[in-house]
Amino acid sequence: MIPAPFDYVRADSYDAAAAALGEHGDEAKLLAGGQSLLPLMKLRLATPAIVVDVSRASDLSYVRDDGGVLAIGALTRHCDLARSADVTAHAPLLAHAAGSVGDPQVRHRGTIGGSVAHADPSADIPTALLALGASYVVRGPGGSREVAAADFSTGFLETVLAPDEMLVEIRLPSARGETWGYEKFTRRAIDWATVAVAVQNRGAETSVALANMGSTVLRATATEAALASGAGAADAAAHADEGAEPAGDVTASADFRRHLARVLTKRALAAAGR
Amino acid sequence: MNLTVTVNGTAHTVDVEDRTLLVHLLRDQLDLTATNIGCDTTSCGACTVLLDGESVKSCTVLAASVDGRSVTTLEGLAEGERWHRVQEGFRSMHGLQCGFCTPGMVMAAVSLLDENPSPTADEVRQGLEGNLCRCTGYHNIVAAILEAAK
Amino acid sequence: MAQRAVHATCSRTVSILGTRVMRVEDPKFLTTGGVYVDDLRDPRLAGAAHVTYVRSVMAHARVTVDVSAAAAADGVVAVVTGADLADLAPPPVPLGFIPPALGRPWLANGVVRYVGEPIAAIVTESRYAGEDIAELVSVDYEPLPAVVDPRASATDETLLFPDHGTNTALAFEAGSLDGLFDGCEVVVTQQITNQRVAPVPLEVRGTACVWEGDGDDARLTLWASTQSPHGARDQIATALSLPPERVHFIAPDVGGGFGAKFGVSIEDLLLAVLSQRLNRPMRWTETRTENMLGMGHGRAQLQTITIGGSRDGRITAYSLDVLQDSGAYPHFGAVLPFMTQMMATGTYDIEKIAVRTKSVVTNTAPVVAYRGAGRPEATAAIERAVDLFAAEIGLDPVEVRRRNLFAKDAFPLTTQVGAAYDSGDYVGALDAVLAAAGYDELRAEQRRRREAGDNRLLGIGLSSYVEITAGPEAGTEFARINVKPDGSVVVYTGTSPHGQGHATSFAMLAADELGVPIERITVVHGDTDLVARGGGTGGSRSLQLGGAAVHQGALETVDRARELAGDLFEAAAGDIVLDKARGGFHVAGSPDDVRGWAEVAASADAEHGLIVDTDFTAEGATFPFGAHVAAVEVDAETGKVTLVSMTTVDDAGPVINPVVVEGQRHGGIAQGVAQALFEEVRYDEDGNPQSTNLADYAFPSAAELPDFTLVDMATPSPLNPLGVKGIGEAGTIGATPAVQNAVVDAVAHLGVRHIEMPTTAERVWRAIQDAGKGTK
């Protein structure tokens, strides 16, 4: 219930955060909305010695239409994504996914960058961003690099971020006018997805991303390939779980997850007009 | 560490451990005990308060993160003798029994109506997904909030 | 039959009873909040030390504990293990029926028996330091075989308490199994799990205490989140070898109990001992994770039902076998099969019945009382059995019920198991709920969807139920009515409400008889120094015993007041009239000369006013009843179940305050639905709990539930002057089987005959798959 002791550092800008990370290295953990990190700390599953609070870094909270590319500051909150006119116009899948994270209180604190950097394979935001073909701007002392969403998470709660790097921006090509679908299966409304499926059409191409079907969010590549080679949605959806190694736990067995992936993919494709 | 936070309109400067949760600042430092702790996994919402007018779970916010900001708890909701319409709704529709979830439930409802002034019953239920109650079965809580929205 | 005394000498106003009165408790809860144990700021608790527990992470092991690092840490006051308490007599067992050999120790004494069992108490100056220092305690575990499945336990292959010689704690039986099903055309049998659930009141357990005085004058004041202050006081006194007067027990506001906070916890007792030994006031508040294990669980029965009868729908024989999981140290849960046995046949007139129950220990958390406490298990079993029987003979489950319910004119009756049902109208309840639910339209909609191949499968389920409240034996409750010299009234009750609204309902009862407005009536409860005696709140006893005591006390107060008024008027008491509308007394025929309650009370005693103590004893337990109809939608592809409507009749006799009664019904229904659809406490085969917090445990929110449609029905009981029964648990008892039956009904046409609770999507999906393959 009580986090282990730590030293608190407030960093209201990227520069302040970079300085703190530079000073403390892997002893430090960035705190954005805290809705993923603080629960872990309260159960003492995470015990950083230094917590760098960037939740008020206003230079990192924005939504910008960069002419065909939507640029979103990492500290943009889920509630703001859900009601943003730009996000609703250019990436309605993301607006919808942001509106389904946790509960209203969580959405008032949690951020897009925090969710992506936390890298929980059950999370709505990374799943939607994977289907949207997003890339993540990572900044460190050596400069900035852009990492494709598909390459960002390397395992359960693991990413390519170095201890002195920070995710600062999420970029995705506009999907204005494109159809999409999002099917999330939970026991209760507040629960993490047992399985979720995000579908984003871009012209003739369809991307399908899966939540909680492995140690990272992943693409249903067999389904995508089937669609690309002309298969109907129902047939393509039957391949949704191919290549995935879903876990079995108290919520669902691996077999049931596979079944859900297939059913939800079919439904998400239908919602997206396929 | 030192921090200054405005709670229910009054500024407080306190010295707390860095790891102090906002809910413990409110309850243990400021003796504002209406806000309750019902779980340890950010599930139950009994600790819900308003942070600059928006509902948050105060057990999952560091006190340090609200330095310079404004918090409203149940104790600060009424204006003197004048109750907020949500408080009135809970009273007239019997939206509470043991009262433990009530402060958090009321503050969550205030924020819900602030963002959606005329919700449907379904929107109220979805909006309360982060607030658990064992006593009421939620039926009268939903009625209370719809009453307040009138 | 108890007759309500007729008072020709009172002029009546319109009664407040039965009217919708907003709760007097609510202004506080809605503005400054309730004051629960952790909120207490009593000056005597200033400087209190905090207690945090180190708890076992293994289900069954020998343990050695090294506290040296913890004891040397900054901010520690003391670290205490079982060895430090070896001089104490063992703590009292929770109930008289429990064999002392199966009692729990103060703290684990070299052996731990369930994950969560307390091993060491860390006493610290600050709350925050507790968890830090607890991490410094080193526990060495030498695993012992864990017995987790009650069936394995029942074989006695591994004895958990060798001195006791068996893993069986208690056993009950009724009826004979010999030839029970002879002559039955149809016999159906089924294994049913009434799964282990967690009570989860929103307020976890917490305790605070302080000792004052020295030596033989030392007195303990202890506050705890409890449902039974006087019982808890007595248990603490026994545990500490003190006369009860030396313990002052106070229940502050309590954030829900649901049966699990009846009695004392070992942590309550430990706090008193630690506080005494360390000569400090002390506080303890558990975390939710500790609560999910340490407070205890509910239900946890493995059942086998066998039901037999004829093809025309008559049920003639029923047997119920119950294997009760008691957990590591038997508690209420071990005894509850007695209640299950008593209510086994429910609302049905079944000729032959046999019940066998056995309660066994396992390496899991103790099983305690939880809303319904033994009766939901009985109802869930018989209602599943009736539906299975109906399916077997191809008759509508409504029709089968009609052919077997006790008739309205059968009461009072004694069932084949020996339960004395006071009053009931089971057919009336069934008719009313079917009409209100639109049963025929629901069946028509179900047919339409099946014919159309709609993937949203509609299922309709029923329950007909009866349960026992304020039992098994006739109960007693205390009340004191004190009319003060200023004419206000204080009512003292031995019940201990924690959300049930007694302050309002009991004020209404007193107001109704005294003619004092409820704004001038205060109800006091929960403090053993203020209230002389009491049975607490549980088992739905409070209105029929506590309310009846208040009512009785008010009548006696009026009688005494008429004597006092007689003295004032120099008239005979028999000539004195109480004018309730004006709240005063006058001589019959002279209504203008009125003397109010204040003057009459002051004439009894100028300082304290008029005090009347009374104890009410009921003639017996009462039997509320009802019928529920649940409609669910099952997603044919995913198996996900959504409750779309819930319509209920819950008849507990005349309603004193409809607002409060509706709230109790709603809350009870929600918990019943939650057991059918969502909640389950599971242990793996090594005894590790799989759901230890509210993120893992599927406690439903408002988003998971619909509105409930309540139908009113009030069949009085002859067993108390108010005619009331207990409403608190009825909703839970009726709801669970109605929902479970609805889920099975949704997929029955696919060949499914039974689905275990909770009917999760995966369970439903697998049931459909298995039925399709011919494996059921």
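The questions and answers below concern chain C of a predicted model.

Visitor: Into which domains is chain C divided?
Guide: Two stretches of sequence make up each domain of chain C. Residues 10-34 + 475-617 form domain 1, and 38-144 + 205-285 form domain 2. The remaining one, built from 298-471 + 621-773, is domain 3.

Visitor: How many residues of domain 3 of chain C are in contact with domain 2 of chain C?
Guide: The C-alpha centres of these two domains lie 37 Å apart. Domain 2 of chain C brings 18 residues to the contact. On the side of domain 3 of chain C, the number is 21.

Visitor: How many residues of the side of domain 2 of chain C that touches domain 3 of chain C are nonpolar?
Guide: That side holds 4 polar and 3 charged residues. Its nonpolar residues number 11.

Visitor: Is C:Gly75 buried, partly exposed or exposed?
Guide: C:Gly75 sits in the loop between α2 (68-71) and β4 (76-81) of chain C. It has 13 other C-beta atoms within 10 Å. A buried residue needs 20 or more, and an exposed one has 12 or fewer. The count of 13 falls in between, so C:Gly75 is partly exposed.

Visitor: What distance separates the C-alpha atoms of C:Gly75 and C:Gly130?
Guide: C:Gly75 touches C:Thr124, C:Glu125, C:Ser126 and C:Ala129, leaving aside residues up to four places away in sequence. C:Gly130 lies 55 residues from C:Gly75 along the chain. Their C-alpha atoms are separated by 8.8 Å.

Visitor: Which element gives the largest share of the side of chain C that touches chain B?
Guide: The contact takes 43 residues from chain C and 44 residues from chain B. On the chain C side, the elements giving two or more residues are α1 (26-31), α7 (288-294) and α17 (658-677). The largest share is 6 residues, and it comes from α17(C).

Visitor: How many residues of the side of chain C that touches chain B are charged?
Guide: This side has 20 nonpolar residues. Another 15 are polar. The charged ones number 8.

Visitor: At what angle do the axes of α17(C) and α18 of chain C cross?
Guide: Helix α18 of chain C spans residues 730-747. Its axis and that of α17(C) come within 7 Å. The crossing is right-handed. The angle is roughly 35°.

Visitor: How many polar residues has the contact of α17(C) with α18(C)?
Guide: Residues of α17(C) including C:Gly668 and C:Gly672 meet a set in α18(C) that includes C:Gly731 and C:Gly734. By class, the contact has 8 nonpolar residues and 1 charged. Its polar residues number 10.

Notes
Residues are numbered from 1 along each chain as its sequence is written. Chains are lettered from A and ligands numbered from 1 in the order in which they are written. This is a predicted model: local features need pLDDT of at least 70, side-chain atom pairs count only at pLDDT 80 or more; totals for chains, interfaces and linings use all residues. Domain bounds come from an automatic or database domain assignment. Two residues are in contact if their C-beta atoms, placed from the backbone, lie within 7 Å. Ala, Val, Leu, Ile, Met, Phe, Trp, Tyr, Cys and Pro count as nonpolar, Asp, Glu, Lys and Arg as charged, and the others, Gly among them, as polar. Helices (H or I, at least four residues) and strands (E, at least two) are DSSP runs, numbered from the N terminus. Axes are lines fitted to C-alpha atoms, for helices over the stretch in contact, and angles run from 0 to 180 degrees between N-to-C directions. A crossing is left-handed if the near helix is turned anticlockwise from the far one by less than a right angle, and right-handed if clockwise.
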